[in-house]
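User: I'd like a close look at one part of this model, the nonpolar interior, and then at how its surroundings fit in. Keep it informal, please.

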Amino acid sequence: WYAIRIAGGMLSKIKYIAAYQTQPESRVTHYASVASIEPYGEESKYKVIFAAPAKPLEKPIPFADAPKGSMQGPRYTTLDKLMKASKLSELF
C-alpha cells in the first residue's frame, strides 16, 4: 500500500494493518503483517511493505453501531482487540 497517512509517533508501533472495506461490505475483512514502512512522496505519507499477503479474518468485523464517520481516517488498535472484536466499536 502507498500514500498512507500515519501519525509520526505511531510509525515504530505498527506491526499489522487491517483492511476496512466500504459499502456494500462495511466491515474489516483482512489483516497483514508489516515488514517495513517507508516515506512516500513529499506530503508526509508512507508506503507500507507487507511481510506476506493479507489474511482474511475468520469472522469479518461489521460496522454495526459505530458512530457515523468512524472510518474516515486512520485508526489504531491492537492485534488482540482485532482478533476478539465482534463489531467495529470494540476496536477503538
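Analyst: Let's settle the term first: a nonpolar core here is a set of buried Ala, Val, Leu, Ile, Met, Phe, Trp, Tyr and Cys residues joined through side-chain atoms within 4.5 Å, and buried means under 20% relative accessible area. Keep in mind that this is a predicted model.

With that in hand, the largest nonpolar core has 9 residues: V28, Y31, L57, I61, A66, L82, A85, L88 and L91. Strands β3 and β5 (55-62) each supply at least two residues of this core. L82 is a handy place to start reading the packing. Setting aside residues up to four places away in sequence, L82 touches V28, Y31, L57, I61 and L91, and also A18. In soluble globular proteins, nonpolar side chains tend to be buried together. There's also a second, separate core of 7 residues, with I4, I6, I14 and I17 among them.

Now for β3 itself, since A32 sits in that strand. A32 counts as buried because its relative accessibility is 3%, under the 20% cut-off. Its contacts beyond four places in sequence are K15, Y16, I17, F50, A52 and A54. I17 in that list is also one of the residues of the second core. As for L57 of the largest core, A32 and L57 are 25 residues apart in sequence, with 10 Å between their C-alpha atoms.

The strand pairing gives this region its frame. β3 (residues 27-40) runs antiparallel to β4, and 6 bridges link the two. Within that pairing, V34 stands opposite F50 of β4. The β3-β4 hairpin has 4 residues between its strands, and G41 there takes a positive phi near 70 degrees. On to β1 (residues 4-5): this strand is antiparallel to β4 (residues 45-50) too, joined by 2 bridges. I4, which belongs to the second core, has Y46 in β4 as its bridge partner.

Leading into β3 is the loop from β2, and S26 is found there. S26 counts as buried because its relative accessibility is 16%. Not counting residues up to four places away, S26 touches Y20, Q21, I61, P62 and F63, and I61 is a member of the largest core. P24 is in the loop between β2 and β3 as well, and the peptide bond joining Q23 and P24 is cis, with omega about 10 degrees.

What about open space? The largest pocket has a volume of about 1,000 Å³. Of its 34 lining residues, I17, A18, M71, P74 and R75 lie nearest the centre. Two or more lining residues come from each of β1, β2 (16-21) and α1 (79-84), and β2 gives the largest share, 5 residues. By class, the lining has 20 nonpolar, 9 polar and 5 charged residues. Two of the residues nearest the centre tie back to the packing: I17 is part of the second core, while A18 is among the contacts of L82.

Last, two backbone oddities to check by eye. Most residues other than glycine have a negative phi, and most peptide bonds are trans. A3, in the segment before β1, has a positive phi of about 60 degrees and, at 35% relative accessibility, is partly exposed. A64 is in the loop between β5 and α1, has a positive phi near 50 degrees, and counts as exposed because its relative accessible area is 52%.

Methods:
Residues numbered from 1 in each chain as written. Predicted model: local features only at pLDDT ≥ 70, side-chain atom pairs only at ≥ 80, totals over all residues. Heavy atoms only, no water. Pairing = 2+ DSSP bridges. 1 Å grid on protein atoms, 1.4 Å probe; cavity = no way out; pocket = protein on both sides within 12 Å on 5 of 7 lines; lining within 4 Å. Points joined across faces, edges and corners; volume = space filled by probe spheres on them. Nonpolar A, V, L, I, M, F, W, Y, C, P; charged D, E, K, R; others polar. Buried < 20%, exposed > 50% of the residue type's maximum accessible area, 1.4 Å probe, protein only. Contact = heavy atoms within 4.5 Å.
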